[in-house]
Amino acid sequence: MKTICLYFEIHQIIHLKRYRFFDIGTDHYYYDDYENERAITDIAERSYMPALNALQEMINANGKYFKVAFSISGVGMEQLEFHAPQVLTKLQELNSTGCVEFLAEPYSHGLSSLVNEADFEAEVKRQSAKIKEYFGQEPKVLRNSSLIYSDDIGLLVSHLGFKGMLTEGAKHVLGWKSPHYIYNCAMAPNLKLLLRDITLSDDISLRFNNSDWPGYPLFADTYMDRIAAFPEEEQVINIFMELSALGIAQPLSSNILEFLKALPTCAKARGITFSTPTELCMKIKAIDTLNVPDTLSWVDEERDVSSWLGNPMQREAFNKLYSVADRVRIANDPRINQDWDYLQASNNFRFMTTKPSNVGIDRGIYSSPFDAFTNYMNILGDFINRVNNLYPEEIDNDQLEGLLTTIKNQGDEIEMKDKEISRLQAKIEKIEAESDKLREACEGKKAEAKAAKKPTAKKAATGKSSSAIKATTKKAESTEK
């Protein structure tokens, strides 16, 4: 039986402001707050909320039959918290249906998997923790930024304990093979790979509203007919795209949401189901190993990382940024960490590309790739100065890590001793309270005993006086005689 895995990515670009060379050392704030608020408010109104409402309708109408998966970058969640919390609220409502899975990905939506394993691991753990905080799910499947994958990255992801990973069904990797099976990582056979069907995904996300496209207009029934026509043994159909495709890349006026809402009914009529990534990894065995020695992604025709690292400007900016990666991680300064997340985002390098692309690039404030490079490098110069100013540059990374580890251990020891002191103080107070109660009880018993003895003494005294009176009386009487 064929099953569809429908997945949407949510990430928000952090727009940098115009930053001059003479700002280095004087201005440590790098962001265009107005543009960031405007952009996310716009995309939330035009895309996220209408699309999520449509998906909620589909779940309500189809029960447990329809399922969908999301991954949200950590910086994307931060922007939603600040400017569009209603999107997170809606995602929580979808999560409560039990028909939604949330995936792991790098917190910054950056390229750390290409250069720094420790940084990549830390980012994935932070984003997973944020997913757990909001949705109560512990991600079991990972989706790297822009579906970036290689055998080495797969091995790293398997060591992090994930069951599966999403990536691109690129022709130069698959060859004669089909993307409609589950494969496993060449260097970690326990890690299963779900491959995006490029044509079916891009028909919705890129071509749906293109009247010059031979497939225009695209209807839900013909779309499902194409899936049903695949060979019977090709069971897994992975349709992956950005959520912003629904409303931004393909405007709502194109009836893209009506097309989407018709998919479950048309699928059910053809015996096609829907599954989440984890369900596929748990239920279906891998058919073969996929060898990916060179890095691939879902961007451009080459399906590689040349969109971010394809020219000398991009590589210089990338290498300079990650030259301080270990120092940033070791220092663990809150403000530095936030800037580090935002500066890592892959779009900063994408703006510098000189490649022609079928997908238009909105460079924002930049007039050219060179303008984007200059602005980014100015910001990066100030950022690196701040990182190096945290601790003397003469201290290398190993020494710094040892120093900070010692400080942390001492802090932990002091904290432990403080807790022990607090515990002993509480114990002493308890003992003193019990001692006071015991003292009060003893004093009470003494008082009672004393009170009980007084009448007896009085009685004895009274009896003695009577005898004395009688004796005196008798003596007097005898003397008179």
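This passage describes a predicted protein model, from its overall make-up to one helix, one serine and one pocket. Because the model is predicted, local features need pLDDT of at least 70 and side-chain atom pairs count only at pLDDT 80 or more, while totals for chains, interfaces and linings use all residues. Residues are numbered from 1 along each chain as its sequence is written, and side-chain values use heavy atoms, with hydrogens and water left out.

The overall picture comes first. The protein contains 17 helices and 12 strands; these are DSSP runs numbered from the N terminus, with helices being H or I runs of at least four residues and strands E runs of at least two. Of its 481 residues, 50% are buried, where buried means under 20% relative accessible area with a 1.4 Å probe, protein chains only. About 23,900 Å² is exposed, and carbon and sulfur atoms supply 53% of that area (Shrake-Rupley method, 1.4 Å probe). Among contacts with a separation of 6 or more, 77% join residues 24 or more positions apart; a contact means heavy atoms within 4.5 Å.

Helix 5 (residues 151-159) offers a good place to look at packing. Its buried residues are Asp151, Ile153, Gly154, Leu156, Val157 and Ser158. These residues pack against helix 4 (117-135) and against four strands: strand 4 (141-143), strand 5 (164-168), strand 6 (182-185) and strand 12 (288-290). After helix 5 comes Gly161, with a positive phi near 95°.

Ser47 shows how distant parts of the sequence can meet. This serine belongs to helix 1 (residues 33-62) and is buried, with a relative accessible area of 0%. Ser47 and Ser244 are separated by 197 residues in sequence, yet their C-alpha atoms are 5.7 Å apart in space. Beyond neighbours within four places in sequence, Ser47 contacts Leu243, Ser244, Leu246, Gly247 and Ile248. In addition, the Ser47 side chain reaches the backbone oxygen of Leu243 at 3.3 Å.

Finally, the second largest pocket holds about 290 Å³ of space. A pocket here is an open set of points on a 1 Å grid over the protein atoms alone, where a 1.4 Å probe fits, with protein on both sides within 12 Å along at least five of seven lines; lining residues have an atom within 4 Å of a point. Of its 15 lining residues, Gly169, Ala170, Lys171, Ile198 and Thr199 are the closest to the centre. Helix 6 (171-174) and helix 7 (198-205) each give two or more residues to this lining. By class, the lining has 7 charged, 4 polar and 4 nonpolar residues.

Key:
Grid points are joined across faces, edges and corners, and a volume is the space filled by probe spheres set on the points. Ala, Val, Leu, Ile, Met, Phe, Trp, Tyr, Cys and Pro count as nonpolar, Asp, Glu, Lys and Arg as charged, and the others, Gly among them, as polar. A polar contact is a pair of N or O atoms within 3.5 Å; within protein, one must be able to donate a hydrogen and the other to accept it, and residues adjacent in sequence count only if both atoms are side-chain atoms.
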